[in-house]
Amino acid sequence: MSAHELFILNNEIITDEMLSSDEITYSSLLLDFVRYNKRLPGTKIGCREGDCGACTVLVGDLVNDQLDYQQIVSCLTPIGNIIGKHVVTIEGINREQLTPIQREIINEGGTQCGACTPGFVVSLTGYALNNDVVGPEQIIGSMDGNICRCTGYKSLEKAAISILPMLDSINKTDTLRIQGLVENEFIPDYFLEIKDRLINLNRNLSRKTELHKSSNILIGGGTDLYVQRAEWLTRQSADFLELKESSSFINHENGKVVIGAGITSTQLMESKVLTDIFPNIYKHFKLFGSTLIRNIATLGGNIVNGSPIADMVIFFLALNPTINLQAQQEKRSLNLRDFFLDYKTLDLKEDEIVSSIDFSLPPDNGCFNFEKVSKRTYLDIASVNSAFYVDFDATNTITTAGLTAGGVAPVPKYLTIGSEYLIGKQINNQTLLNLLDIVDQEISPISDVRGSAEYKRLLLRQLIIAHFITLFENSVHIEELIA
Ligand SMILES: Cc1cc2nc3c(=O)[nH]c(=O)nc-3n(C[C@H](O)[C@H](O)[C@H](O)COP(=O)(O)OP(=O)(O)OC[C@H]3O[C@@H](n4cnc5c(N)ncnc54)[C@H](O)[C@@H]3O)c2cc1C
Ligand code: FES
Ligand code: FES
């Protein structure tokens, strides 16, 4: 039997024969394959939990016929999720001379012990390959998943900013951008051939289009699963959401929004459709993990992980969505708020997969806000998070309201009583004060590492006030609330 080509690692095709001769399965981690089987030690091992960015690699994929590169953590990414793609390690970026990114990092004193340096170079190269918006905030943001213990970051930030003028002059369209980056020595010239090589590779790969489970384990982005049980997982056979083409979509038609379970956090925050509905979605999702995590973490994984503080769940739950489930033979749908039965206990059968969520919107889309408090602003899970969706009639009376809160109950909480109380009310201080009292009765926080029960009650109160101030600045008077 002839070998099947599976993916490209730097400039080398990796086949199924190469994997099996090395006893690598689709569940094995990309980090281990790269370091131990391919002997590419530039990709470092730090935390193995997605927190440090030492293991950063780029993954290039064909999206709408364009070559799209994203930086990801290889320590949580299984081989099954990179089939048909181009994986780039620091060795695949290196040229005979230093690239401008490497040069600027040295010039600005952005490397000392060097343990983090390949990760930073890969993230910045990912930014150069992928970003239409060139600016200091964006380029610094592209390193938000990379940790450096030595430099204090300022030198790395300076290095990143000094690259901007070079990137500014490079054409932003797909093929010309890659050509420009090759000409300006950011990447080696084999990148020029990658798009055609990926087209050929994917022509020969038979992607599975069915959306049901054929094994007991389903892996989305792997960012929860591989943190929880990496060693065990790498020995199991699994299904990969990534290989099921039909799970990644966002549609908005006739007032109904449908989002596939395989959509990543990055795709959500960058979606034009969703930005029209939630103008601040980019800012809100910036509070989710880091770029390296957002590029792989899926909506389905966030829901099925069942965490009471899951950000994507708390965000969308305020729209009171339906969750759509699919097994081999049958489909069913239920209200997402009924899907969470108790702490990490879900109304999900063993053979079922989450295929999508959907929700309906009025023609004017209504108003929406999301708030999250965690010990650190970025790269941290919430102590308490909350979302608020509200719509009015012509007399400014509330017609629809959905209020959610995470970290105050065993499940992501749709605050049913509080939401129902708001229907028929006007927005003013009294409505807000009544709502705060009602919600306080409806929640049952416990004390844990993220804060005492009392602290979480106080936090939620503050977050609800923040919703009102953000959305209805002129209708609530903060001085009276504090008095
Ligand atoms: C460093 C780091 C930072 C993080 N920061 C945040 C944060 O700020 N906020 C936050 O909410 N979370 C955070 N997380 C948690 C995690 O990234 C999210 O919960 C993510 O959405 C999980 O998605 P995944 O695709 O990676 O799930 P996976 O790990 O692949 O899967 C999680 C569970 O869901 C199941 N599953 C996945 N997809 C489906 C499906 N379609 N149908 C049925 N079952 C499915 C899997 O079998 C598994 O049981 C963080 C994680 C890390 C490592
Ligand atoms: S080793 Fe730390 S993020 Fe992968
Ligand atoms: S240079 Fe030492 S960790 Fe960054």
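Student: Into which domains is the protein divided?

Tutor: In this predicted model, the protein is divided into domain 1 (1–206), domain 2 (207–361) and domain 3 (368–483). Taken over C-alpha atoms, the centres of domain 1 and domain 3 are separated by 41 Å.

Student: How should I read a sheet, and what is the order of the open sheet that contains S1?

Tutor: Strands of a sheet pair through backbone hydrogen bonds, in either a parallel or an antiparallel sense. Here an open sheet of five strands has the order S2-S1-S5-S3-S4, and its pairing is mixed. Strand S2 (12–15) and strand S4 (66–73) are the edge strands, each pairing on one side only. On average, and with direction ignored, neighbouring strands of this sheet are turned by 30° against each other.

Student: How many bridges are there between S3 and S5?

Tutor: Strand S3 (residues 56–63) and strand S5 (residues 86–88) pair in the antiparallel sense over three bridges. Within this pair, Gly60 stands opposite His86 in S5.

Student: Which strands of the sheet does helix H5 touch, and which does helix H9 touch?

Tutor: Helix H5 (residues 117–130) packs on the sheet and touches S3 and S4; the direction of H5 makes about 155° with that of S4. Helix H9 (residues 194–204) also packs on the sheet, where H9 touches strand S1 (5–9), S3, S4 and S5. The direction of H9 makes about 160° with that of S1.

Student: Which residues of helix H2 are buried?

Tutor: An α-helix has 3.6 residues a turn, so residues three or four places apart point the same way. In helix H2 (residues 30–37), the buried residues are Leu30, Leu31, Phe33 and Val34. The buried residues of H2 pack against S3 and S5. Just after H2, Arg39 takes a positive phi of about 55°.

Student: Let us turn to the other sheet. What is the order of the open sheet that contains S14, and why is one side of S8 and of S11 left without a neighbour?

Tutor: This open sheet of five strands has the order S8-S9-S14-S10-S11, with antiparallel pairing. Strand S8 (250–253) and S11 stand at its edges and have a single partner strand each, so one side of each is left without a neighbour in the sheet. Neighbouring strands here are turned by 20° against each other on average, direction ignored.

Student: With which strands does S10 pair, and over how many bridges?

Tutor: Strand S10 (residues 322–326) runs antiparallel to strand S11 (residues 331–335), and five bridges join them. The bridge partner of Thr322 in S11 is Asn335, and a hairpin of four residues connects S10 to S11. S10 also pairs with strand S14 (residues 353–360), in the antiparallel sense and over five bridges. In that pairing, Ile323 stands opposite Ile357 in S14.

Student: What is the bridge partner of Val258 in S14?

Tutor: The bridge partner of Val258 in S14 is Asp358. Strand S9 (residues 256–260) and S14 pair in the antiparallel sense over five bridges.

Student: How should the surroundings of ligand 1 be read, and which residues come nearest?

Tutor: One may ask which residues are nearest, which elements supply them, and what their chemical character is. Of the 29 residues around ligand 1, Gly220, Gly221, Gly300, Gly301 and Asn302 come nearest. Strand S6 (218–219), helix H10 (225–233), helix H15 (299–304) and S14 each supply at least two residues of the shell. H15 gives the most, with four residues. By character, the shell divides into 14 nonpolar, 11 polar and four charged residues. Domain 1 (1–206) and domain 2 (207–361) each contribute at least three residues to the shell.

Student: In domain 3, is strand S15 mostly covered or mostly open?

Tutor: Strand S15 (residues 367–373) is mostly covered, as six of its seven residues are buried. S15 pairs with strand S16 (residues 384–392) in the antiparallel sense over seven bridges. The bridge partner of Phe368 in S16 is Tyr389.

Student: Where is Gly407 placed, and why does Gly407 count as buried?

Tutor: Gly407 is in the loop between strand S17 (398–406) and strand S18 (413–414). Gly407 counts as buried because it has 28 C-beta neighbours inside 10 Å, and the cut-off for a buried residue is 20 or more. Leaving aside neighbours within four places in sequence, the contacts of Gly407 include Pro308, Ile309, Ala382 and Arg450. The C-alpha atoms of Gly407 and Arg332 are separated by 28 Å, and these residues lie 75 residues apart along the chain.

Notes:
Residues are numbered from 1 along each chain as its sequence is written. Chains are lettered from A and ligands numbered from 1 in the order in which they are written. This is a predicted model: local features need pLDDT of at least 70, side-chain atom pairs count only at pLDDT 80 or more; totals for chains, interfaces and linings use all residues. Domain bounds come from an automatic or database domain assignment. Two strands pair if DSSP finds at least two bridges between them. Axes are lines fitted to C-alpha atoms, for helices over the stretch in contact, and angles run from 0 to 180 degrees between N-to-C directions. Two residues are in contact if their C-beta atoms, placed from the backbone, lie within 7 Å. A residue is near a molecule or strand if its C-beta atom, placed from the backbone, lies within 6 Å of it. Ala, Val, Leu, Ile, Met, Phe, Trp, Tyr, Cys and Pro count as nonpolar, Asp, Glu, Lys and Arg as charged, and the others, Gly among them, as polar. A residue is buried if 20 or more other C-beta atoms lie within 10 Å of its own, exposed if 12 or fewer, and partly exposed in between; C-beta atoms are placed from the backbone.
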